[in-house]
Amino acid sequence: MTKLIDGKQVANDLKVQIASSVKKLIALGITPGIAVILVGDDPASQIYVRNKQRAAEKLGIDSEVIHLPATTSEEKVLAKIAALNANPAIDAILVQSPMPAQIDENRIQSAIVPEKDVDGFHPQNVGALFNNAQDYYPMANTPRGIMTLLNEYMPNLVGKKALVIGRSILVGRPMMAMLNNADATVTLAHRHTTNLEQLIADADVIVVAVGKPHFLKMSDVKADAVVIDVGINRLADGTLVGDVLDDMPDSEQLLTPVPGGVGPMTIATLMQTTVELARQHST
Ligand code: GUN
């Protein structure tokens, strides 16, 4: 078996730290609060939102889910965001993506005040990440959680060849910036990349986020590579698989499993960011 990266364990360790931070804040009279806006009835999104809410409750973080019908207008969502922006009990605002077609996600993300932008999608926070700003700002939780995993399994990224496949605002683009800030040499590949096989064969670290089952084979990557699989794909028979096929049973390569790799890290990191925002608001 390829060596599996234990995302659950690293996430649990992180949650122990978060729980202790929450206790300290509560002792000071500050209860961190997160609000999640969910528009429509996408089954996967409903599960993600429920998992986020459950994680918050377990850690002592207040959580509020605002579930709106799929036909909700953009104006209505903007009005909800304005109310949450003004509500001092709310430290973190998350609008679950994807949203129905009548809603412009960029406009929604820009309407959240940067100080409560727990996803790090507001242009001001994206800019801070790209500038590697040294003061505090929230950043996207999936790539940040991946950086926490890499810190355990490949702590020194300086000069490493990092390949990010997929350029979404949720994962690929912020991942590129975070690896760059850690002094890796980063390549961002996408559907028009022509020499992907060579890039894969050369990379020390690969982050795959394309949403295609078995898009990357472990037999195509280096013997000492670390591979992070962000994909969650449901096959026709109902099984969940990532974007990576583990066809190197006896190798020393490191791979995140699906499930149990990136997923638990994203949720734990979201809670970490919520607590950081609450602490920022208290000073
Ligand atoms: N949908 C899937 N992942 C995410 C995420 O990290 N944030 C938001 N807002 N929506 C998502």
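**A cis proline, a shared core and the annotated loops**

Proline 259 sits in the loop that runs between β13 (254-255) and α9. In this predicted model, the peptide bond that leads into proline 259 from valine 258 is cis, with omega near -5 degrees. A second cis bond joins serine 97 to proline 98, with omega near 0 degrees. Proline 98 also has its place in a loop, here between β4 (92-95) and α4 (105-111). Most peptide bonds are trans, and most residues other than glycine have a negative phi. These two prolines are therefore worth a look on the backbone, given that most peptide bonds are trans.

The phi angles offer two further points of interest. Asparagine 132 has a positive phi of about 55 degrees although it is not a glycine. This asparagine 132 is located in the loop between α5 (123-130) and α6, and it counts as exposed because it has 11 C-beta neighbours inside 10 Å, where 12 or fewer is the cut-off. Aspartate 183, likewise not a glycine, has a positive phi of about 70 degrees. The loop that holds aspartate 183 connects α7 and β6. With 12 other C-beta atoms within 10 Å, aspartate 183 is exposed, since the cut-off for that class is 12 or fewer.

Turning to the chain as a whole, 9 helices and 13 strands are found. The C-alpha atoms fill a box of roughly 50 × 40 × 35 Å along the principal axes. The radius of gyration is 19 Å, which agrees with the value near 19 Å for a compact globule of 283 residues. Of these 283 residues, 42% count as buried. Among the contacts with a separation of 6 or more, 70% are between residues 24 or more positions apart.

Where do the nonpolar residues gather? The largest nonpolar core has 79 residues, and Val164, Ile206, Val207 and Met271 touch the most other members. Helix α9 provides the largest share of this core, with 9 residues. The core also draws at least three residues from each of domain 1 (29-114) and domain 2 (141-263). Methionine 271 gives a handy point from which to follow the packing: leaving aside residues up to four places away in sequence, it touches Lys15, Ile18, Ala55, Ala56, Leu59 and Ile61.

Helix α6 can be followed in the same spirit. Its 13 residues (141-153) reach 18 Å from the first C-alpha to the last, close to the 18 Å expected at 1.5 Å a residue. The buried residues of α6 are Asn141, Thr142, Pro143, Arg144, Gly145, Ile146, Leu149 and Leu150. An α-helix has 3.6 residues a turn, so residues three or four places apart point the same way. The buried residues of α6 pack against three other helices and two strands, namely α1 (7-27), α7 (172-181), α9 (262-282), β7 (205-208) and β9 (226-229).

Asparagine 195 gives a view of the outside. It lies in the loop between β6 (185-189) and α8 (196-202), and it counts as exposed because it has 11 C-beta neighbours inside 10 Å, again judged by the limit of 12 or fewer. Asparagine 195 is 44 residues from asparagine 151 in sequence, and their C-alpha atoms are 29 Å apart in space.

Finally, which positions carry an annotation? An unreviewed UniProt entry places the feature "binding site" at Gly166, Arg167, Ser168 and Ile232. Glycine 166 is found in the loop between β5 (161-165) and α7. Glycine 166 is buried because 23 other C-beta atoms lie within 10 Å, and 20 or more is the cut-off. Apart from residues up to four places away in sequence, the contacts of glycine 166 are Val171, Gly172, His190, Val208, Ala209 and Val210. Isoleucine 232, also named in the UniProt feature, has its place in the loop between β9 and β10 (233-234). With 17 other C-beta atoms within 10 Å, isoleucine 232 is partly exposed. Its contacts, not counting residues up to four places away in sequence, are Leu240, Gly242 and Val258. The last of these, valine 258, brings the account back to its start, for the bond from valine 258 to proline 259 is cis.

Conventions
Residues are numbered from 1 along each chain as its sequence is written. This is a predicted model: local features need pLDDT of at least 70, side-chain atom pairs count only at pLDDT 80 or more; totals for chains, interfaces and linings use all residues. Helices (H or I, at least four residues) and strands (E, at least two) are DSSP runs, numbered from the N terminus. The expected span of a helix is 1.5 Å times one less than its number of residues. Two residues are in contact if their C-beta atoms, placed from the backbone, lie within 7 Å. A nonpolar core is a set of buried Ala, Val, Leu, Ile, Met, Phe, Trp, Tyr and Cys residues joined through C-beta atoms within 7 Å. Domain bounds come from an automatic or database domain assignment. UniProt positions are given in the numbering used here, feature names are shortened, and annotations may be inferred rather than shown by experiment. The radius of gyration is taken over C-alpha atoms; the globule rule is 2.2 Å times the number of residues to the power 0.38.
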